[in-house]
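Open the structure in your viewer and keep the selection panel at hand. The stops below go from a whole chain down to single residue pairs.

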Amino acid sequence: MQTPWIPFIPPSASTLSDKVDALYFYLVGVTIFFTLLIWGVLGFFVIKYRRRNRYEIPRPVAGSLKLETMWSVIPFIIAMTMFAWGAQVFFQLWRPPANAVEVYVVGKQWMWKIQHTTGQREINELHVPVGRKIKLIMTTEDVIHAFFVPAFRIKADVVPGRYTTLWFEATKPGRYHLFCAEYCGMNHSGMIGSVVAMEPTEFDSWLSGNTSQQSPAVAGQQIYTTLGCVSCHGASGEGGRGPALEGLFGKQVFLNNGQTVVADEGYIRESIVNPQAKLVNGFGPIMPTFQGQVSEEQLLQILAFIKSLQSETQPTTARPSGPVPGSSPAPAAAASPGAVNR
Amino acid sequence: MEEFTPPVPSKINYINAQYGLKSWLLTKDHKRIALLYLGSITFFFFIGGIYAMLIRLELLTPQGDLLQSTTYNKVFTQHGIIMVFFFLIPSIPATLGNFLVPMMIGAKDLAFPRINLLSWYIYMLGGIVTIYALLAGGVDTGWTFYTPFSTTFSNSYVVAAGLGIFINGFSSILTGLNFIVTIHTMRAPGMTWFRLPLFIWSHYATSLVMILGTPVIAITILLVAFERVARIGIFDPAVGGDPVLFQHLFWFYSHPAVYIMILPSMGVVSELIANFSRKNIFGYSFVAFSSLAIAVFGFLVWGHHLFVSGQSIYAGMIFSFLSFAVAVPSAIKVFNWTATLYKGSISFDTPMLYALGFIGLFTIGGMTGLFLATLGIDVHVTDTYFIVAHFHYIMVGGAIFGYLGGLHYWWPKISGRMYPDGWGRFSALLIFAGFNLTFFPQFVAGYLGMPRRYHAYPPEFQVFNVLSTAGASILAVGYLIPAVYLVWSMRYGKVAPGNPWNLPGLEWRTQSPPPTENFDYTPVVTWEAYEFAPPEETEVVGRFHDEVPEKV
């Protein structure tokens, strides 16, 4: 660990970690205050009013509505400050900024498989540049895991059958623990690794040293072709018997039951593994399921391909209502991820 | 204090009224059933304790060298299952509650004595099935049985262990039902609701949680079993299910279950604090209703276990808010207990040491609960040792301290013998010290990021684990001492008078041990709870005063 060790506090290496620590110190302060208050009063009373005589009977003391009100309302107000501050930090933790670089994460008993949009693959290691916002799009091939980086104060469960996200911006170069925090079976405690935060220049040279692999969008296009998606959705996603995929990501989709959904990662994944769940208005239930035929990694690659279709046609992402603010800068970003930030 | 002296003890009591194994196994006496439970839960406590020691020994070194990871996973799972379902949940209600609910309200027995015995048999059947699961090969899902690991991936005895818990749940439901009916219908003449000892109020609240919550865990376990055996597609996403749904169902029971553990303990502490300071409890109705408030709000906070599980952030906000709200009734209790000591006559008998220890530890346990209710902090500390430390402060520092305090307090009534007080105080202090040494370092390890359920861990966490293991060894000795001297005292202890502590409660107005019918005559209650001195003498203190009780 390159960062200095502060007693009882893990290294603080993300833009949010200091905010979480500040909140933590506030709660520690309140806890110490009330613990000492109660222990102090308790200790004072038990000494002062200790039984001095076997036969003494103290006079009863009347209750007090004022006191009861006081010690109900004051703790409640203090609790509300914790609630509000905690919720504010939480929202920052869970709302990824729009310009974050995406990284795909697949959990598997018992390893973390990671792929950058530029194609680099890693296992149990995640290299990231300092000072750039990174958004992880995560799922798992088997049980629930949790992606936990104590130095960044972030954690999220990785749930089968859906995508969860995490974002962070590392502030200090270093090698930090990556833990699986949700019990996942035999080798749970071996499902650990490192997040390596590097200076951007170092990161770029690390990237250029690992360029042999194809980007997930390109890999996704190959899978798209191999699986025969082209016959209905068109070679470049222009559509046909199936709905068009060009510019689909992040758009509202009208379903044949009158509802609308936003075409986010979860919707696209569901439409591949369970196509009948939400049918696009005007299209019949003709698509077969691909459940079991594509791995979670391949699904993420197809997703990357579909996202890349969008930015080819629409350089600026216009989204009517995007609760998933995941931006998709590929393939421009794929070529030089350094250009994404700022 | 002469007016509290019970009648001259006759030689016949509930213990020696009948002899023979059959007289115990077919008894309908709530006191004997309480003793059956006492023996059984002690057995399970020591099984769970052995697992705890294995965990602590394994974690002494970071490498994971004592046990294999599969064994370690089973050990912590079985520690949790045994301790939660077979010790903590039945601990106070089924032993002290069974013994004392009828006695404290002036009844001869519970409303349904046969159902009471049935509940013990169901408990034992559940226990035997669970022990079978442990012996046959064990279960490795964690006591939380999270899907899809438990339904699809675990190769251990999930269904058998689940069946044991499922069966055991019925014993909990029947006990709760029995208490509610008994408290409603069998109070002695004059024992109005607001004269009830707070122990009764807390058992009433606990019983509500038992009968409303337990069916949900039963359904959930059944669904896990169906999913595991037949893949019906409730929790497994590969067949259209939702794994997070399980967490909602599981915590809908298992969070209120924490209140099943802590509420009876709070009831015991209310008794101890009032009686060992010879004072009426400060703010009786606030303490009584805060139990009900905890029971009701306790059902609305389960989602705070799911802040990082992918549930909506707005749901997270609501659950966070409600979790803070449920902290208020707990705070009310702590402040009222403390205020009760004011101008009291405080003795330091063993039970009081446990009660004071309870308040001290529950304060830390409760305050650290606020960290977990705080969304921004929970993300970092959930599933780490911080949470392990927190819930042990509640369950051990809270529930077990209350249980041991109550057991010592009523031991003369239960056994007719006094325990050796010196050893009692010594072991209470030892348990307090050992407990803090075991669990306090885990708060620090947790914030530093040590995840829970890790068989091996990075070496920088070792110092905290060594402290924990050292503390656990002290704790183990602390638990063994009462086990030895309480058994010893049953034969060799000083014979206890009917009212060894000189207290006004109904249970002290009969001989020790009580006769099978509890009282020679149906008592008529003409006094308030904890009425040591006439209410006319009530002192109005300072600027904060209320009316003197209406009884004047």
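What radius of gyration does chain B have, and what would a compact globule with 552 residues have? Chain B has 23 Å, which agrees with the value near 24 Å for such a globule. This is a predicted model, with an ipTM of 0.91 and a pTM of 0.89.

**Stop 1: chain B as a whole**

Select chain B and show its cartoon. The chain has 15 helices and zero strands. Along the principal axes, its C-alpha atoms fill a box of roughly 70 × 60 × 40 Å. Of the 552 residues, 62% are buried. Among contacts in chain B with a separation of 6 or more, 84% are between residues 24 or more positions apart.

Now colour by pLDDT. The mean for chain B is 92, and 96% of its residues reach 70 or more. Then select residues 543-552 of chain B, where the pLDDT is below 50; the stretch still has 21 contacts in the model beyond near neighbours in sequence.

**Stop 2: the largest nonpolar core**

Select A:V105 and B:A355. Within the largest nonpolar core, which has 257 residues, these two touch the most other members. Zoom in on B:A355 and show what surrounds it. Leaving aside residues up to four places away in sequence, B:A355 touches B:V269, B:L272, B:I273, B:F276 and B:G405. In soluble globular proteins, nonpolar side chains tend to be buried together.

**Stop 3: a sheet in chain A**

Move to chain A and select β4, β10, β9, β6 and β7. In the order β4-β10-β9-β6-β7, these five strands form an open sheet with mixed pairing. β4 (125-129) and β7 stand at the edges with a single partner strand each, so one side of each has no neighbour in the sheet. On average, neighbouring strands are turned by 20° against each other, direction ignored. Add helix α3 (residues 200-208) of chain A, which packs on the sheet and touches β4 and β10 (193-198). The direction of α3 makes about 130° with that of β4(A).

**Stop 4: the β6-β7 hairpin**

Select residues 145-158 of chain A, from the start of β6 to the end of β7. Is β7 (residues 154-158) mostly covered or mostly open? Mostly covered: five of its five residues are buried. β6 (residues 145-149) and β7 run antiparallel and are joined by five bridges. Pick out two of the pairs: A:V149 with A:I154, and A:A146 with A:D157. Four residues lie between the strands of this hairpin, and A:R153 takes a positive phi near 60°.

Terms used. Residues are numbered from 1 along each chain as its sequence is written. Chains are lettered from A and ligands numbered from 1 in the order in which they are written. This is a predicted model: local features need pLDDT of at least 70, side-chain atom pairs count only at pLDDT 80 or more; totals for chains, interfaces and linings use all residues. A residue is buried if 20 or more other C-beta atoms lie within 10 Å of its own, exposed if 12 or fewer, and partly exposed in between; C-beta atoms are placed from the backbone. Two strands pair if DSSP finds at least two bridges between them. pLDDT is the predictor's confidence in each residue, from 0 to 100. Two residues are in contact if their C-beta atoms, placed from the backbone, lie within 7 Å. The radius of gyration is taken over C-alpha atoms; the globule rule is 2.2 Å times the number of residues to the power 0.38. A nonpolar core is a set of buried Ala, Val, Leu, Ile, Met, Phe, Trp, Tyr and Cys residues joined through C-beta atoms within 7 Å. Axes are lines fitted to C-alpha atoms, for helices over the stretch in contact, and angles run from 0 to 180 degrees between N-to-C directions.
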